[in-house]
Amino acid sequence: VLSNFFANCDALIALNQPAYDSIREFGYSGPIFIIPNGRDLAHFNDRDFADVGAEQKILLFTGFLNKRKNQFYLLKTLRHLPENYLLRLIGEPLNQDYKDKLDKYINKYNLTNVDFIGQVEFSQIPEFLESAHVFTSASTMEVQSLVVIEALASGTPVVGLSNETIDELINDDVGAWLNKNQKPSEFAEQIIQVCALSDDHYRILCENARERVAHLDWSNIVQTTILAYREILTIKLFMSDEDSDMLTSLVSFFTIGEVREYLLSAIIEARKSSPAPKGIFSRVKVPRWLESWIRVTSSTWFISGVTVLVSVFGYLFLRGKGKKTGKIDGKD
């Protein structure tokens, strides 16, 4: 599937350097643009920092309740924190079994300082971040987590276990980075250290967090995206009427504002500039159903062919063995 996908791409977008490296390792040799996730940071930048001197310390995590998000680790961490530390979990369970596992652990250790908020409107997220002293993340994999970006933009320090996002954005200047194998007790120690900072030092951490993701505002991402499309359009300037119609519908549906206007105008220009077909074969219209077969890579055809042959021979072998067994047993 990846080989077929890569063979039909003019370019790929990677969210960060680790994603770029992974794409290259998979064998893609075409153009790759590193364009990170973006957010309208104004919704988060205008929030006040939490009062680190407050008696109750609020920890927050946003995301679906599931194994990959690893909220179970956060519950283990809570056992090593004082009772005045409250963990708020925003998000619905992807499956009830995992939620039952969390509930069972909470009941077993009588954890009364856990608050399952459930799903909330996106507009409410900045309010929850404003009251949180630490955003905690134990996710096992996050290529580029939007919720971590939102937390930093709101000025909330982040304490997290190593993953793609934590490795990219988190260090002692904005919270605490921990190896993914570190114990919940060590995770708890880092949370306590952040919450024990003086008001001045805590505010420096919050300001650093906000500055860390300033480049991820949508205004910057839009410009980076436009530049990427301009570059790839200089590489592949011409397009068929069919490609033009398809791209026009995609751009109209998925983009807005300045990006949409630029792309639509570029498509029109490329369509006008498309050279007339030359030669008899260029005038032959290939049916759409045949085009999809032509685009399938040779490796996919090879694997499919081997699978068919193995299946046929396996079927014939088992059928012959069954007949032979039937004769010996005297059964049909």
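Which residue of strand 8 does V159 stand opposite? In this predicted model, V159 faces A176 of strand 8. Local features were taken at pLDDT of at least 70 and side-chain atom pairs only at pLDDT 80 or more, whereas totals for chains, interfaces and linings use all residues. Residues are numbered from 1 along each chain as its sequence is written, and side-chain values use heavy atoms, with hydrogens and water left out.

Strand 7 spans residues 158-161; strands (E, at least two residues) and helices (H or I, at least four residues) are DSSP runs numbered from the N terminus. Strand 7 runs parallel to strand 6 (residues 134-137), to which 3 bridges join it, and parallel to strand 8 (residues 175-178), with 4 bridges. Strands were taken as paired if DSSP finds at least two bridges between them. Towards strand 6, V159 has T136 opposite. Towards strand 8, besides the placement of V159 opposite A176, L161 stands opposite L178. The side chains alternate along strand 7: V158 and G160 point one way, V159 and L161 point the other way, and all are buried. Burial denotes under 20% relative accessible area, exposure over 50%, and partial exposure the range in between, with a 1.4 Å probe and protein chains only.

The connections on either side of strand 7 are both helical crossovers. Strand 6, helix 7 (residues 146-153) and strand 7 form a right-handed β-α-β unit. Strand 7, helix 8 (residues 164-169) and strand 8 likewise form a right-handed β-α-β unit. A crossover is right-handed if, with the strands pointing away from the viewer, the path from the first strand over the helix to the second runs clockwise.

The strand 6 residue T136 also belongs to the lining of the largest cavity, together with L59, L74, T77, L78, L81, L87, F187 and I191. Helix 4 (71-78) and helix 9 (184-195) are the elements that give two or more residues to this lining, and helix 4 gives the most, with 3 residues. The search of the whole structure finds 1 cavity of 30 Å³ or more, and the volume of the largest is about 40 Å³. A cavity is a set of points, on a 1 Å grid over the protein atoms alone, where a 1.4 Å probe fits but cannot get out; lining residues have an atom within 4 Å of a point. Grid points are joined across faces, edges and corners, and the volume is the space filled by probe spheres set on the points. By class, the lining holds 7 nonpolar, 2 polar and no charged residues. Ala, Val, Leu, Ile, Met, Phe, Trp, Tyr, Cys and Pro count as nonpolar, Asp, Glu, Lys and Arg as charged, and the others, Gly among them, as polar.

Two asparagines have positive phi values. N70, in the loop between strand 3 (57-62) and helix 4, has phi near 65 degrees and is buried, at 16% relative accessible area. N110, in the loop between helix 5 (96-108) and strand 5 (114-118), has phi of about 50 degrees and is exposed, at 59% relative accessibility.

The structure holds 0 disulfides, defined as pairs of cysteine sulfur atoms within 2.5 Å. C195 is buried at 5% relative accessible area, and C206 is buried at 0%.

Key: 1 Å grid on protein atoms, 1.4 Å probe; cavity = no way out; pocket = protein on both sides within 12 Å on 5 of 7 lines; lining within 4 Å.
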